[in-house]
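Me: I should like to examine one part of this structure closely, namely the salt bridges between its side chains. Please explain which residues take part, where they lie, and how they fit into the whole.

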Amino acid sequence: VFDARRQKIALDMYAYSIELAPDLPDGYAGMAQVLATLHVITPDADQAASYLSEAEKNVELALARAPSSAWSVAAQSWTLVQSGKLEEALHRARLALDLAPRDGHVLDLIGITAICANDPELAALVSDPDHDRQGVRRSGTQNIWGLANLMLGNNDTTVAAFDTAAAEGAVVSAPALIFQAIAHDRRGEQEEAKALVR
């Protein structure tokens, strides 16, 4: 999520997929997802607003082609949460879950939307390691699981989740280290917490 260069590579990929198949929804859903993500991580306010506006346009194009596409609906929820429309975002996230309860990509997008909309229960539900999911299990799923549990006050589960994510090859980002440090601090492990934030 925090790697702008990787997001821009994905943006080019989805733009090309739209060129190849302009009548299919997935290219637009992917564009919307990436543009909304770039909105989050772009420090320049004008550029961030432009990304969000483009994300909203791509969501409309995706949903016009397939209103019941789980990816399109999940991308809409992610875009809505960036617009500050939290209740609507959660409503659409739950709809996406109903449409594709085992699609790993959709579940991760629902999870990060739920985190940003302050619904850790939903985020925990879709990222739970015991949740039946299809597709490649991303190490990022463990990060969502860890952060959801941090928000819920489950510090032991939080530490275990981030440890598992690192062991699975997830990129260790500064936010992940901070989340781990908070969980260690809550467990009274100040030295471990300090080591993570140095």
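**A close look at the salt bridges**

Reply: In this model, the count of salt bridges comes to 7. The model is a predicted one, and every value below is computed from it. A salt bridge here requires a side-chain nitrogen of Lys or Arg within 4 Å of a carboxyl oxygen of Asp or Glu.

Let us begin with one pair. The side chains of Arg94 and Asp119 form a salt bridge, with a distance of 2.7 Å from N to O. Arg94 belongs to helix H5 (residues 86–99), while Asp119 sits in the loop between helix H6 (104–116) and helix H7 (120–127), so the bridge ties together parts that are 25 residues apart in sequence. The two partners can also be described by their exposure. Arg94 has a relative accessible area of 37% and is therefore partly exposed. Asp119, by contrast, is buried because its value of 11% falls under the cut-off of 20%.

A second group centres on Arg187. This residue forms a salt bridge with Asp156, in which the closest N and O atoms are 2.9 Å apart. Arg187 is located in the loop between helix H10 (174–186) and helix H11 (190–197), and Asp156 is located in helix H9 (residues 155–167); the pair therefore links parts separated by 31 residues in sequence. Arg187 is partly exposed, at 32% relative accessibility. Asp156 counts as exposed because its relative accessible area of 52% is over 50%.

Arg187 also forms a salt bridge with Glu189, and there the closest N and O atoms are 3.1 Å apart. Glu189 is partly exposed, with a relative accessibility of 22%. Through shared partners, the salt bridges join Asp156, Arg187 and Glu189 into one network.

It is useful to set these pairs against the charges of the protein chain. There are 16 positive and 27 negative charges, and the mean positions of the two sets are 2 Å apart.

The surrounding architecture supplies the setting. The protein chain contains 11 helices and 0 strands. Its C-alpha trace spans about 55 × 35 × 30 Å along the principal axes. A compact globule of 198 residues would have a radius of gyration near 16 Å, and the 17 Å of the protein chain agrees with this. Of the contacts with a separation of 6 or more, 57% are between residues 24 or more positions apart.

Exposure can be viewed at this scale as well. Buried residues account for 48% of the 198 residues. The protein chain exposes about 10000 Å², and carbon and sulfur atoms supply 53% of that area.

A residue away from these pairs offers a further example of burial. His39 lies in helix H2 (residues 26–41). With a relative accessible area of 18%, His39 is buried. Leaving aside residues up to four places away in sequence, His39 touches Ala48, Ala49, Tyr51, Leu52 and Gln82.

Key: Residues are numbered from 1 along each chain as its sequence is written. This is a predicted model: local features need pLDDT of at least 70, side-chain atom pairs count only at pLDDT 80 or more; totals for chains, interfaces and linings use all residues. Side-chain values use heavy atoms; hydrogens and water are left out. Helices (H or I, at least four residues) and strands (E, at least two) are DSSP runs, numbered from the N terminus. The radius of gyration is taken over C-alpha atoms; the globule rule is 2.2 Å times the number of residues to the power 0.38. Buried means under 20% relative accessible area, exposed over 50%, partly exposed in between (1.4 Å probe, protein chains only). Contact means heavy atoms within 4.5 Å. Accessible areas come from the Shrake-Rupley method with a 1.4 Å probe; for residues, only the protein chains shown count as cover. Lys and Arg count as positive and Asp and Glu as negative; His and the chain ends are not counted. The place of a charge is taken as NZ of Lys, CZ of Arg, CG of Asp or CD of Glu.
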